[in-house]
Amino acid sequence: MFDFEKLTVYQKAKAFHKEIVNWLRSSPKIDSVTRDQLRRAALSIPLNIAEGTGRFTPRDRRNFYVIAKSSIFEVLS
């Protein structure tokens with residue numbers, strides 16, 4: 001198990017991604033461009049958390065966490 005897999009925030013991000021994917025499957029009226037954007041933004045959250053934990057400097061890690069946070073706001077909007 002990798003260190004990021006132990007993080008609660010990572011586990012919640014994965015669950016959030018799964019919820020978004022399931023919601024998109026049950027929402028056929030959403031256009032394909034919006035659907036793709038939401039899917040990619042939701043996936044970006046756990047991916048950036050995972051990548052950030054592999055960085056060596058706090059500044060570099062923070063950059064990936066900021067990107068993950070931005071992706072959360074993108075999906076929520």
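1. Two residues are in contact when heavy atoms of theirs lie within 4.5 Å. With that meaning in hand, the contacts of this predicted model can be described. Of the contacts in the protein with a separation of 6 or more, 47% are accounted for by residues 24 or more positions apart. One pair may serve to illustrate distance in sequence and in space: aspartate 3 and threonine 53 are 50 residues apart in sequence, and their C-alpha atoms are 7.5 Å apart in space.

2. The overall architecture should be stated next. The secondary structure consists of three helices and zero strands, and from the N terminus on the order of elements is α-α-α. Taken along the principal axes, the C-alpha atoms fill a box of roughly 45 × 25 × 15 Å. The protein has 77 residues, and buried residues make up 30% of them.

3. Helix α2, residues 32-53, deserves a paragraph of its own. The helix has 22 residues and reaches 32 Å from its first C-alpha to its last, which is close to the 32 Å expected at 1.5 Å a residue. Helix α2 nevertheless bends by about 25° at serine 44, and a proline, proline 46, follows within four residues. At the start of α2, the backbone nitrogen of valine 33 has a side-chain oxygen of aspartate 31 within 3.2 Å.

4. Which elements do the buried residues of α2 pack against? They pack against α1 and α3, the latter spanning residues 58-76. Among the buried residues of α2 are Leu38, Ala41, Ala42, Ile45 and Ile49. Serine 44, where the helix bends, also belongs to the buried residues of α2, and so does Pro46.

5. How many salt bridges does the count come to? It comes to five. One of these lies within α2, where the side chains of arginine 40 and aspartate 36 meet with an N to O distance of 2.9 Å. Arginine 40 and aspartate 36 are four residues apart in this helix, about one turn. Arginine 40 is partly exposed, because its relative accessible area is 43% and the partly exposed class runs between 20% and 50%. Aspartate 36, at 29%, is partly exposed as well. A network of salt bridges links Asp36, Arg39 and Arg40.

6. A further salt bridge joins arginine 55 and glutamate 51, whose closest N and O atoms are 2.8 Å apart. Arginine 55 is partly exposed, with a relative accessible area of 28%. Glutamate 51 counts as partly exposed at 38% relative accessibility.

7. Aspartate 3 sits in the segment before α1, which comprises residues 8-25. Is aspartate 3 buried or exposed? Aspartate 3 is exposed, since its relative accessible area is 60% and the exposed class begins over 50%. Its side chain meets that of lysine 6 in a salt bridge, at 3.8 Å from N to O. The distance of 3.8 Å qualifies because the cut-off for a salt bridge is within 4 Å. Both partners, lysine 6 and aspartate 3, are exposed.

8. The aromatic residues call for a separate remark. A pair of aromatic rings is described by the distance of the centres and the angle of the planes. The count comes to two aromatic pairs. In the pair of phenylalanine 2 and phenylalanine 4, the centres are 5.7 Å apart and the planes stand at 5°, so the rings are stacked. The word "stacked" applies because planes under 30 degrees apart are classed in that way. In the pair of phenylalanine 4 and tyrosine 10, the centres are 4.9 Å apart and the planes stand at 75°, so the arrangement is edge-to-face. Here the angle is over 60 degrees, which is the limit for that class.

9. Phe2, Phe4 and Tyr10 form one aromatic cluster. Which of its members are buried, and which is exposed? Phenylalanine 2 counts as exposed at 56% relative accessibility. Phenylalanine 4, by contrast, is buried, with a relative accessible area of 17%, and tyrosine 10 is buried at 12%. Both of these latter values are under 20%, so the two residues fall in the buried class.

Key:
Residues numbered from 1 in each chain as written. Predicted model: local features only at pLDDT ≥ 70, side-chain atom pairs only at ≥ 80, totals over all residues. Heavy atoms only, no water. Helix = DSSP H or I, 4+ residues; strand = E, 2+ residues; numbered from the N terminus. Buried < 20%, exposed > 50% of the residue type's maximum accessible area, 1.4 Å probe, protein only. Expected span 1.5 Å × (residues − 1). Bend = angle between axes of the 7 residues up to and from the residue. Polar contact = N/O pair within 3.5 Å; in protein donor to acceptor, adjacent residues only side chain to side chain. Phe/Tyr/Trp six-rings, centres within 6.5 Å; stacked < 30°, edge-to-face > 60°.
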